[in-house]
Amino acid sequence: MEFKNLLIESSDGITTLTINRPQVLNALNSDVVRELECALYELDLDAAVKVVVVTGAGEKAFVAGADIKEMSELTSFEAHEFARRGQRLMLLINRMRKPVIAAVNGYALGGGLELALACDFIYASEKGKFGFPEVGLGVIPGFGGTQNLARLIGPNKANELVFSGRIISAAKAHAWGMVNEVFAQEELLPKALETAREIAGKGALGVAYAKDAIVSGLSMTKEDGCRYEASLFGVLFATGDQREGMGAFLEKRTAEFKGK
Ligand code: CAA
């Protein structure tokens, strides 16, 4: 499929997906949301893809939010649909078998921060800027931001960020636990790709099931989450990856995982 607003590059099991509307700071209009959903759905089905890195085109922005020009014309019903479609995209990222890393190279605001928060973890450059400006537009985050942020950093810090509409630095987002690591701008993608390669070298089924256990477990009681974890642990013992991983350890060689 051809994408008007995305650049997709794949090499050695890692796909870099770049949102490419730099003239509007990569704002998410309904076309971009649809393209992202289609692209990620296909990447999830592609056995050659082990890890996805999402970033924004240009030096200034990851994604500066949902497209305010397009949103300003929406009816209440259309806004509800727009939010549902944005949320479907974020849930797809949560449900994908492959890890998705956000490489935040500039503004990650509103829907852009929601996209980053839906990813499995966030790396940022020193130019990363994070915030939910929605209350200044008379609305609230609509792509799952209130839910994901409060779960990630706790309600008090989430309240301060969302109620004030303030934009915070990458350093503060790191201190608040939103961002795993902060790098110089030119180091951001190389570092994200380095981590992606490290993950891609592991058993893909183990990585996929670990993601499932963590994501699914967050909406379960701890006891149910542990029960689910034990089931996934057991299932992995029916795979070649488990035999290869443990066999390679015992034979003192590097494992060659096949993802089955
Ligand atoms: N939607 C549409 N266009 C946007 C945009 C957005 N979210 N963000 C930036 N742009 C456009 C600007 O309109 C401008 O276009 P023109 O050149 O045609 O005027 C271009 O991108 C460059 O932006 P600025 O000139 O404003 O750049 P700046 O450096 O002066 O400011 C900024 C940067 C602080 C990020 C500022 O652009 C800004 O505040 N953007 C809006 C951020 C925002 O409010 N995001 C939340 C949107 S609501 C949302 O996302 C809801 C949801 O949860 C689903």
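## Domain layout

The domain assignment splits this protein in two: domain 1 spans 6-200 and domain 2 spans 204-250. The model is a predicted one. Taken over C-alpha atoms, the centres of domain 1 and domain 2 lie 27 Å apart. Eleven residues of domain 1 take part in the contact, with eight residues from domain 2.

## Buried area

How much area is buried between domain 1 and domain 2? The value is about 710 Å². Carbon and sulfur atoms give 53% of that area.

On the domain 1 side, three residues lose the most area to domain 2: Asn94, Arg95 and Arg97. Together they make up 62% of what that side buries.

## Polar links

Two salt bridges are counted between domain 1 and domain 2. Asp120 forms a salt bridge with Lys211. The closest N and O atoms of Asp120 and Lys211 are 2.9 Å apart. By the domain bounds, Asp120 falls in domain 1 and Lys211 in domain 2. Five residue pairs are in polar contact between the two domains, with both residues at pLDDT 80 or more.

## Make-up of the domain 1 side

Which element gives the largest share of the domain 1 side that touches domain 2? Helix H3, residues 76-95, does so with three residues.

Sorted by class, the domain 1 side that touches domain 2 holds five nonpolar residues, five charged residues and one polar residue.

Conventions. Residues are numbered from 1 along each chain as its sequence is written. This is a predicted model: local features need pLDDT of at least 70, side-chain atom pairs count only at pLDDT 80 or more; totals for chains, interfaces and linings use all residues. Side-chain values use heavy atoms; hydrogens and water are left out. Domain bounds come from an automatic or database domain assignment. Contact means heavy atoms within 4.5 Å. Buried area is the accessible area (1.4 Å probe) that two parts lose on being put together, summed over both. A salt bridge is a side-chain nitrogen of Lys or Arg within 4 Å of a carboxyl oxygen of Asp or Glu. A polar contact is a pair of N or O atoms within 3.5 Å; within protein, one must be able to donate a hydrogen and the other to accept it, and residues adjacent in sequence count only if both atoms are side-chain atoms. Helices (H or I, at least four residues) and strands (E, at least two) are DSSP runs, numbered from the N terminus. Ala, Val, Leu, Ile, Met, Phe, Trp, Tyr, Cys and Pro count as nonpolar, Asp, Glu, Lys and Arg as charged, and the others, Gly among them, as polar.
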